[in-house]
Amino acid sequence: QVQLVESGGGLVQAGGSLRLSCAASGRTFSRLAMGWFRQAPGKEREFVAAISWSGDSTSYQDSVKGRFTISKYNAEGTVYLQMNSLKPEDTAVYYCAAKTGATRTQVPGPRPYDYDYWGRGTQVTVSS
């Protein structure tokens with residue numbers, strides 16, 4: 001089992017920044033590939049970013065490329081999502097997810113079923 005706890009959400013003005021954190025426990029974090037998703041009211045959960053368990057490979061949704069950065073610190077057991085130049089359309093609940101069994105440089109796919117464990121989410125609200 002893997003437990004994931006997100007933090008760092010909040011209210012920010014458009015153009016501002018937030019850094020989300022996801023702390024993992026219960027399994028060797030260094031072997032977990034990780035991802036971030038988000039879900040706005042009335043919409044489906046959508047992929048934001050993902051990172052291999054080594055931290056060497058990443059992928060991003062097109063709308064966040066150049067603004068968001070995912071990083072993984074195995075010694076801390078934490079994955080981060082640095083979000084800059086935030087827009088009102090980034091408003092959503094952000095979820096951390098973990099995938100087991102990936103190879104060292106494999107980045108999980110963009111579909112929720114590509115992941116095995118989920119956190120409960122943290123709210124991000126961007127005001128215009």
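A disulfide joins Cys-22 to Cys-96, with 2.1 Å from S to S. This comes from a predicted model, and a search of the whole structure finds one disulfide. In case the term is new to you, a disulfide is a covalent bond between the sulfur atoms of two cysteines. Let's start with that link and then follow the strands around it.

**The disulfide**

- Cys-22 sits in strand β3 (residues 18–25) and Cys-96 in strand β9 (residues 92–99), so the bond ties together parts that are 74 residues apart in sequence.
- Buried or exposed, what are Cys-22 and Cys-96? Both are buried, and buried here stands for under 20% relative accessible area.
- The link of Cys-22 and Cys-96 is left-handed, with -80° about the S-S bond.

**The sheet that holds β3**

- Four strands form an open sheet in the order β1-β3-β8-β7, and their pairing is antiparallel.
- Why does one side of β1 and of β7 lack a neighbour in the sheet? The strands β1 (3–7) and β7 (68–73) stand at the edges, each with a single partner strand, so one side of each is left without a neighbour.
- From one strand to the next, the twist of this sheet averages 15°.
- Strands β1 and β3 run antiparallel and are joined by five bridges.
- To find this pairing in the model, look for Gln-3, which stands opposite Ser-25 in β3.
- As a general point for reading any sheet, side chains in a regular strand alternate between the two faces.

**Strand β9 and its partners**

- How many of the eight residues of β9 are buried? Seven of them are, so β9 is largely enclosed by the rest of the structure.
- Strand β4 (residues 33–39) runs antiparallel to β9, and seven bridges join the two. Here Gln-39 has Val-93 in β9 as its bridge partner.
- Strand β11 (residues 122–127) also pairs with β9 in the antiparallel sense, over three bridges. You can locate this contact at Tyr-94, whose bridge partner in β11 is Thr-122.
- Strand β10 (residues 117–118) pairs with β9 over two bridges, again in the antiparallel sense. In this pairing, Ala-98 stands opposite Tyr-117 in β10.

**Putting it together**

- Through Cys-22 in β3 and Cys-96 in β9, the disulfide ties together parts 74 residues apart in sequence.
- On the β3 side, you meet the open sheet with the order β1-β3-β8-β7.
- On the β9 side, you meet a strand with seven of its eight residues buried.

Note on methods
Residues numbered from 1 in each chain as written. Predicted model: local features only at pLDDT ≥ 70, side-chain atom pairs only at ≥ 80, totals over all residues. Heavy atoms only, no water. Disulfide = S-S within 2.5 Å. Buried < 20%, exposed > 50% of the residue type's maximum accessible area, 1.4 Å probe, protein only. Pairing = 2+ DSSP bridges. Axes fitted to C-alpha atoms, helices over the stretch in contact; angles between N-to-C directions.
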